[in-house]
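Have a look at the model below and let's walk through it together. We'll go from the broad picture of one chain down to single residues and a few backbone oddities.

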Amino acid sequence: MAKPKIATAWLAGCAGCHMSFLDIDEAIIEVAKLVEITASPITDFKEFPAVDVGIVEGAVNTTDNVEVVHKLRHACKILMAWGDCACFGGIPTMRNMFDKNELLRRAFVETESTAKGRIPSSDELPRLLDQCKPVHNVVKVDCFVPGCPPSAKAIHYALVELLNGRIPVLPAEMMKFD
Amino acid sequence: MTKKIVIEPITRIEGHGKVTIELDNDGNVADTRFNVVEFRGVEKFCEGRLFWEMPLITARVCGICPVSHHLAAAKAGDAILGVELPPAAKRLRELLHMAQYVQSHSLHFFHLASPDLLLGMDADPAKRNVIGLIAEKPEIAVKGVMLRKFGQELIEALGGKKVHPNAAIPGGMNKALSHAERDRFLGQADRVIADIGVALDIAKDYFAHHGREAATFAVFPSCYMGLVGQSGNLELYDGTLRVRDSKGFILEDNVDPSDYLSIIEETVEDWSYLKFPYYKKWGYPAGTYRVGPLGRLNVADRIATPLADKEFRAFKKLGNDGIVEGSLYYHYARLIEALYAAERLKALLEDELTCSTEINVNSSTFNEEGIGVIEAPRGTLIHHYWVDRNGTVRKANLIVATGHNNGAINRAVHEVAKEYIKGTKIAEGMLNRVEAAIRCYDPCLSCSTHALGQMPLRIEVVSPSGEVLDCSQTRP
Ligand code: SF4
C-alpha cells in the first residue's frame, strides 16, 4: 500500500506550529517511515498534489491566504488545523480591533524610524482582508488541534490517529488553549 | 517593453515571499524584487495592551526565534520600569537566549543547510532535506535532531514550553532554575559542544572544497551592524551597537541601543510589506547593511569563549583579517556562533548565581518609553514601546532581523539572477541558487520548508502579451 500523503500550508502564523511538529524529535524518523510528506510548508501552490491529509497553520489574513487555503482544501481528503491561529484566529486577529488602513499607516508611514513612508500598493502584493479569520470561516475543517502551539505530543497523537483512520479527539491533558 | 519572471511562492512565515524579475528587450535582467507578501500589523495592534503582556504577544511574531522577541519585549519592559535586574535574572535570560541559539542555529544548519552540503546541491530534490539526510547519513542527522532537542528542552525547563515559553517578565524572570535541573543540562553541555564541533568540521570541509563558489556566490559590498561587548567581543544578549563599512572601517561604535533612531532609518518600497532599514547617515540604498551571523562576526573583534574564538580567528583569514563578504559564509559564521552559545551556556550553568532565587525586582515608576534590543539568531531585533501612566501601550515600533537584511537579500537575489538568466531561458541551477541565496540570510523564509521538503519555487518567463516562454519548477 502506498504511504498516505501529507501536505502542510502556512498562512498568517508564526511557524511555531511547524516548529512544534519538529519537536517530536526522534519520532520524526518514525513518522517519515509511515507517511510521505509531500512538499511542505507548502508545496508549489499552483500545483498542490492530491494528498490524504492537509494541515494548515495560521489564520486567513490576505487574499493570498484565501487562495492557498482553498487549494489545499481541494487537494486533500481531510483538513486538519494546527494551533490557535488556524483554529480560532489567534494573535493575528488582534488586528481586527483596528481598521486595516490604520494598521498599514502606522507600520509604513507613522513609525518613528520610517522616513518618507507610503503604504505599499503594487499589484505584486496580495491585499489584506477586512478581517483576519480562522480557517473554518473560509473552508471546511475536519479536525482541530489547538494550542499556541499545540505540544509536540498533541501533534504526534493527532497524526497517528489520522493514520489509523480515526478523526483525532485530543485527550483532555493535550487540549490546551494558550 | 519588459518581460516579467515570477518565482512563487518562496515560503512562509513573517515574510511570505516571492521573487519578481524583469528583463529588458535584450533579455538581460533589468530589475529584481524580493516581495514580502505578508503583513500583520503588530506595531498597531499592540496599542491598548499592557506592556506586561508584550513578551507573550510579540513572541508570536516568530515561532523559530520566539525567545528573542520574548526577551526584547521584556528588556523594553525593564526600561519602562527603570530597573536594573538582579544578577540571577540576567544570567537566566542569557541562558534562555543561548539555548535558543543552539536550537535555532542547529536547525538551520542540520535541517536546512547540511542536506545541500552533504548530499550535494544537485542531489535529487525529493531527497535533499532532513528526511533524506536521515536515510543517507543517519549519524549526522540524529546529531542535528538531538542538538535541537537539547536547546528546546532547556528552553522548556526555563520557561515551561519549547515554543513560546513564558519565562521573562518586565523586571526579571518568573521562575528560578533548580540545582537538579541545572545538573541535568550541565551534564550534556560537553556533548553539545562536541557535536557542534562536528558540524563545524563539516562546514569547514565544504568550504575547503568549494572555496571558489563561496568566494563568488552572491558577493557584494555592504555595511554590517551588530551588538558588541565592552572589548569589542561578539555579544548576543546585551551590548552596544557597532556599524562597520564594507572595508571594515568603524562608522559607529558604542551606540547605546536606546539611541537606535540616531543611526537607523527605514524606507518603504511599493512592492514589499517589509521595510528597508539603512544606515541613516548614508541614506538608502548606499547605507544598506547586513546583520545576523556574518554581520556580527564582521563587526566583532573577538569572541569571549576559547573554542569559538579560535574558530573566529581562522574564519577571519578568509577576508585577510578584514571583512568576509560572501553570502554563503553565513552558514560558517552561524556555526561559530552556535559554538560560542554552547560554551557560554556551559559557563552560565556552572555559575552558582544562575541558580539563585532572587530573580526579579519591583518598581513603582513607569517611564514613558522603553527600548529593548537583542541579537536574534538572524540579527538585531529592536522593540520600542511608549506607554501611558497606567502602563498601557500607546505606540510600538519593531524592527526585526529580516528587515535589516531586506536590502541585502534583494541584492543577493539580483546578483544570482544576473548570472543565471540570459535571454528568455532560465539556466539550470537558477532555482537552487535563488533559494540558496535567500537561505543564507533568512531561515524563516526557507528553513521550515526545507526541514520537511524541497523549497517550492516556480519560475516563468512571460512575454509582455502573457505568453509563457519558459518555465522551470522544483518538484513538489
Ligand atoms: S498558533 Fe501560536 S504557534 Fe501556531 S502559528 Fe499561531 S502564533 Fe504561532
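Buried residues make up 67% of the 476 residues in chain B, where buried means under 20% relative accessible area, exposed means over 50% and partly exposed is anything in between (1.4 Å probe, protein chains only). Keep in mind that this is a predicted model, in which local features need pLDDT of at least 70 and side-chain atom pairs count only at pLDDT 80 or more, while totals for chains, interfaces and linings use all residues. Residues are numbered from 1 along each chain as its sequence is written, chains are lettered from A and ligands numbered from 1 in the order in which they are written, and side-chain values use heavy atoms, with hydrogens and water left out.

The secondary structure of chain B comes to 16 helices and 18 strands; these are DSSP runs numbered from the N terminus, with helices being H or I over at least four residues and strands being E over at least two. Of the contacts in chain B with a separation of 6 or more, 67% are between residues 24 or more positions apart, a contact being heavy atoms within 4.5 Å.

Now for the interior. A nonpolar core is a set of buried Ala, Val, Leu, Ile, Met, Phe, Trp, Tyr and Cys residues joined through side-chain atoms within 4.5 Å. The largest such core has 166 residues, and the members touching the most others are Met80(A), Phe109(B) and Phe315(B). Its largest share, 15 residues, comes from helix α4 (residues 87–119) of chain B. A second, separate core holds 20 residues, including Val56(A) and Leu79(A). As for Met80(A), its contacts beyond four places in sequence include Gly54(A), Ile55(A), Val56(A), Cys143(A) and Leu162(A).

Let's stay with α4(B). Which way does α4(B) pass α12(B)? The crossing is left-handed, that is, the near helix is turned anticlockwise from the far one by less than a right angle (clockwise would make it right-handed). The axes of α4(B) and helix α12 (residues 329–350) of chain B are 9 Å apart, at an angle of about 145 degrees. Axes here are lines fitted to C-alpha atoms, for helices over the stretch in contact, and angles run from 0 to 180 degrees between N-to-C directions. Among the residues making this contact are Leu95(B), Met98(B), His105(B) and Phe109(B) on α4(B), and His331(B), Ala338(B), Leu345(B) and Leu349(B) on α12(B). The contact divides into 15 nonpolar, three polar and five charged residues, where Ala, Val, Leu, Ile, Met, Phe, Trp, Tyr, Cys and Pro count as nonpolar, Asp, Glu, Lys and Arg as charged, and the others, Gly among them, as polar.

Ser106(B) also sits in α4 of chain B. Why does Ser106(B) count as buried? Because its relative accessibility is 3%. Its side chain reaches the backbone oxygen of Val102(B) at 2.4 Å. Setting aside neighbours within four places in sequence, Ser106(B) is in contact with Tyr101(B), His111(B), Leu147(B) and Arg148(B). The C-alpha atoms of Ser106(B) and His331(B) are 11 Å apart, though 225 residues separate the two along the chain.

Leu147(B) takes us to another helix pair. Helix α6 (residues 138–159) and helix α7 (residues 179–209) of chain B have axes that come within 10 Å and cross at roughly 145 degrees, again in a left-handed crossing. Leu147(B), Phe150(B) and Leu154(B) are among the α6(B) residues that meet α7(B), whose own side includes Phe185(B), Val192(B) and Ile196(B). By class, this contact has 11 nonpolar, one polar and six charged residues. Arg182(B) is in α7 of chain B as well, and at 8% relative accessibility it counts as buried. Beyond four places in sequence, Arg182(B) touches residues including Leu349(B), Glu350(B), Asp351(B) and Glu352(B).

Finally, the backbone. Most residues other than glycine have a negative phi, and most peptide bonds are trans. The bond from Cys148(A) to Pro149(A) is cis, with omega near -10 degrees, and Pro149(A) is in the loop between β7 (143–145) and α6 (152–163) of chain A. Tyr284(B) and Pro285(B) are joined by a cis peptide bond too, with omega about 5 degrees. His164(B) has a positive phi, near 60 degrees, and lies in the loop between α6 and β4 (168–169) of chain B; at 2% relative accessibility, His164(B) counts as buried.

Methods: A polar contact is a pair of N or O atoms within 3.5 Å; within protein, one must be able to donate a hydrogen and the other to accept it, and residues adjacent in sequence count only if both atoms are side-chain atoms.
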